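Q: Could you take me through the largest cavity in this model, please? I would like to know which residues line the largest cavity.

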Amino acid sequence: MAQCRLIVFFAALSCIAVAINASTGDADPIYKACVKECEKTGCVTDKCFQHCKFSSDGIPIDGPWYFQEPLYQRWKQWDCHNDCQYHCMLAREEEREKLGDKPVKYHGKWPLRRVYGIQEPISVALSALNLAMQFHGWVSFFILVNYNLPLRPNKRTYYEFTGLLHLYGLLAMNSWFWGTVFHSRDVELTEKLDYSSAVALLGFSLVVSILRAFSVRDEASRVMVAAPLIAFVTTHILYLNFYQLDYGLNKKVCVGMGVAQLLIWAVWAYVTHHPSRWKLWVVVIGGSLVMLLEIYDFPPYWKFVDAHAIRNATAIPLTFLWWSFIRDDAEFRTSTLLKKAK
């Protein structure tokens, strides 16, 4: 969603989800006129918003907008301008539907309906399920290597990539958490946190893919591989957050790192004799197909389910399979090292 894991693809896809400053919908003169009129009158057709009523000096008549919402909805930060955009979008799409026109994007997003103030309810639910799957996978891996498999005399695990995959698990959970928040409410802060966490996961996943595929076990060599990649990812995140949130550049960076690790895992799965390499192939192929959902975007079904939501749904079984491969890899490497020690 960083995403290394083939499921890292899903971190890549979170990065690749491109937001656009101007779309067909928000350039529509009828939509723009509706928003302008709504901000003056506080109404769209027969629906009016209390927080669009201002005094002559521009102060809300009934106090700040966030005191005019039910308590459970105040976190959303929907104000007059946001509500006008949303309801004008729905009204305009109803008009277009009657004319037989297809849905169009508004401010870079498809016209999805809110549920209890949640901006993309299906994507939120599926992102939360992915977060739960990542947590389940990480905990099961932790229990396996620390309690179910033999340990070295110094109480360290035989599996050489334990620490890296623990960190990967934490970064993956962080990425899906902020993805859930971002789909709940798209504001500048949640957008930057979502993009940054996805880039961090994707970059670290690339490090993991290189270290595991080439079986790099020496600490000095690991640092030499990881340092330049971590420096690059850190610089990119700082650029996005403090200079310019460049969607085009971010897409190129994410695609580059995603394709690089896809190729690494695909080649390694082809040449290795790992007993669970078929799981790796399924995740690689599945991740490749899922990427098409982002490249070939399409209007939402039933005004709730878009390509991004379907991508999140597909990520759930692939996440389970990916962590299953990691556990198998830990058992395989531990068994191999124990045989060599005898």
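A: Happy to: the lining of the largest cavity consists of Tyr159, Phe161, Leu165, Val208, Arg212, Trp265, Trp322, Phe325, Ile326 and Asp329. A cavity here is a set of points, on a 1 Å grid over the protein atoms alone, where a 1.4 Å probe fits but cannot get out, and lining residues have an atom within 4 Å of a point. This is a predicted model, in which local features need pLDDT of at least 70, side-chain atom pairs count only at pLDDT 80 or more, and totals for chains, interfaces and linings use all residues. Residues are numbered from 1 along each chain as its sequence is written, and side-chain values use heavy atoms, with hydrogens and water left out.

The volume of this cavity is about 70 Å³, taken as the space filled by probe spheres set on grid points joined across faces, edges and corners. Helix 6 (188–213) and helix 10 (307–341) are the elements that give two or more residues to its lining. Helix 10 contributes the most, with four residues. Helices are DSSP runs of H or I, at least four residues long, numbered from the N terminus.

By class, eight lining residues are nonpolar, none is polar and two are charged. Nonpolar covers Ala, Val, Leu, Ile, Met, Phe, Trp, Tyr, Cys and Pro; charged covers Asp, Glu, Lys and Arg; the others, Gly among them, are polar.

An unreviewed UniProt entry lists "transmembrane region" for several stretches, including 198–216 and 249–271; such annotations may be inferred rather than shown by experiment. In the model, residues 249–271 are 100% helix, with end C-alpha atoms 33 Å apart.

Definitions and conventions:
1 Å grid on protein atoms, 1.4 Å probe; cavity = no way out; pocket = protein on both sides within 12 Å on 5 of 7 lines; lining within 4 Å.
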